[in-house]
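Thanks, everyone, for making time this morning. I would like to take you through one structure, and I will keep to its geometry.

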Amino acid sequence: MQGTWCTHVQRILLCYSSYVVNSYRPETDGIPHKCPRAKQPERSTLLARLEGRSSLKEIEPHLFADEESPLHGDILEFHGPEGTGKTEMLYHLTARCILPKSEGGLEVEVLFIDTDYRFDMLRLVTILERRLSQSCEDTVKCCLGRFFVVHCSSSTQLLLTLYSLETMFCSHPSLCLLMLDSLSAFYWVDRANGGERVHLQESVLERCSRLLEKLVREYRLGLLATTQSIMPMPKASDGPEGPGSACSRARDTRVDYVPYLCKAWQQVVKRRLFFSKDDSKTSNQFALVSRHLKNNNLKNHVFIIGESGVEFC
């Protein structure tokens, strides 16, 4: 029964996501120099729609204080080694967005761009089911109706996809949050394809970064993007492993962090969150340090990951 239900939900999600996947055909259209524009609504109507986008102020009170909540146009980077909870945090925030207000959600739409081909729809459904007071198929389907996903297999395809999204942003005033997991997925491939010239290695990612900044600013969206550490995780300072070791590693990561993506991306990020995990075999504790890049404010957070998703300690 469970398998039949999961398959049914997968068909539902693929149906909703087909709009995004089929909206642009890179194999025939090539890389445009300007955003392809379908017939747009009148300017006054469009502005009214955009100004009506719901606030993300209550997306996660444990993670963002009132004055630090993501605003329309903000770009946040989730950075850390593989297996430190970055994608789980995206699932958690997705659920917070697409759940109905009666269940403590924001009841807004989310677009998820998956570049690692690791997006786990069944995991998201499980989180939704665990958080609904009365879980039923119709309620889950209603939540998934506010969720869109698209997969990209190269930086060029990512760029083409971004160019294709303008019409969707215009026609979906409830779409408030864009997620990208992960922006660093094609780093090594782009380096190899660019040869020894740095500007060729970074050219596509630079265009993606500028376009992302333009889209979130003009269409009043929030952007959460993950990036993966390419260097080994620095070890915590002296002392045995303990309950605070995850936070110690998060602080070490912040100190030793060296930007490796293009300058265009570094310039548009407003806040960077550094993720880490306690290496103890018996621990399911994760930590992150949130750093606001403008005022350099730092905040530490600890969380665990259970069947119902992220739970802050």
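What follows covers three helix pairs, then the cavities, and finally a few points about the backbone.

Please keep in mind throughout that this is a predicted model.

Let me begin with the helix pairs, and with a reminder that two packed helices are described by the angle between their axes and the distance between the axes. For helix 4, residues 86–98, and helix 5, residues 121–131, the axes come within 10 Å and cross at roughly 50°. Because angles under 35 degrees count as roughly parallel and 65 to 115 as roughly perpendicular, helix 4 and helix 5 are described as oblique to each other, and their crossing is right-handed. On the side of helix 4 the contact is made by Glu88, Tyr91, His92, Thr94, Ala95, Arg96 and Ile98, and these meet Arg123, Leu124, Ile127, Leu128 and Arg131 of helix 5. Sorted by class, the residues of this contact are six nonpolar, two polar and four charged.

Helix 5 also packs with helix 6, residues 137–144, where the axes come within 10 Å and cross at roughly 125°, so that this pair, too, is oblique. Helix 5 passes helix 6 in a right-handed crossing, with Val125, Leu128 and Glu129 of helix 5 touching Val140, Cys143 and Leu144 of helix 6. That contact has five nonpolar residues and one charged residue, with no polar ones. You may have noticed that Leu128 is named in the contact with helix 4 and is named again in the contact with helix 6.

The third pair is helix 7, residues 155–163, with helix 10, residues 198–218. Their axes come within 9 Å and cross at roughly 25°, which makes helix 7 roughly parallel to helix 10, and the crossing is left-handed. From helix 7 the contact draws on Ser155, Thr156, Leu158, Leu159, Leu162 and Tyr163, while helix 10 supplies Val204, Arg207, Cys208, Leu211, Leu212 and Leu215. By class, nine of the contact residues are nonpolar, two are polar and one is charged.

Turning to the cavities, how many are there of 30 Å³ or more? The count comes to two, and the largest holds about 120 Å³ of space. It is lined by 14 residues, and Tyr187, Asp190, Gln201, Leu205 and Leu261 are the ones that lie nearest its centre. Helix 7, helix 9 (187–193) and helix 10 are the elements that give two or more residues to this lining, and helix 10 provides the largest share, with four residues. By class, the lining of the largest cavity has nine nonpolar, two polar and three charged residues.

Last, the backbone, where the general expectation is that most residues other than glycine have a negative phi, and that most peptide bonds are trans. Glu107, in the loop between helix 4 and strand 2 (109–114), has a positive phi, near 60°. The peptide bond from Asp181 to Ser182 is cis, with omega near 0°, and Ser182 is found in the loop between strand 4 (175–181) and helix 9. Between the C-alpha atoms of Ser182 and Tyr117, which are 65 residues apart along the chain, the separation is 9.7 Å. Tyr117 itself sits in the loop between strand 2 and helix 5 and, leaving aside neighbours within four places in sequence, is in contact with His151, Cys152 and Ser153.

Technical notes. Residues numbered from 1 in each chain as written. Predicted model: local features only at pLDDT ≥ 70, side-chain atom pairs only at ≥ 80, totals over all residues. Heavy atoms only, no water. Axes fitted to C-alpha atoms, helices over the stretch in contact; angles between N-to-C directions. Parallel < 35°, antiparallel > 145°, perpendicular 65-115°, else oblique. Left-handed = near helix turned anticlockwise from the far one by under 90°. Contact = heavy atoms within 4.5 Å. Nonpolar A, V, L, I, M, F, W, Y, C, P; charged D, E, K, R; others polar. 1 Å grid on protein atoms, 1.4 Å probe; cavity = no way out; pocket = protein on both sides within 12 Å on 5 of 7 lines; lining within 4 Å. Points joined across faces, edges and corners; volume = space filled by probe spheres on them.
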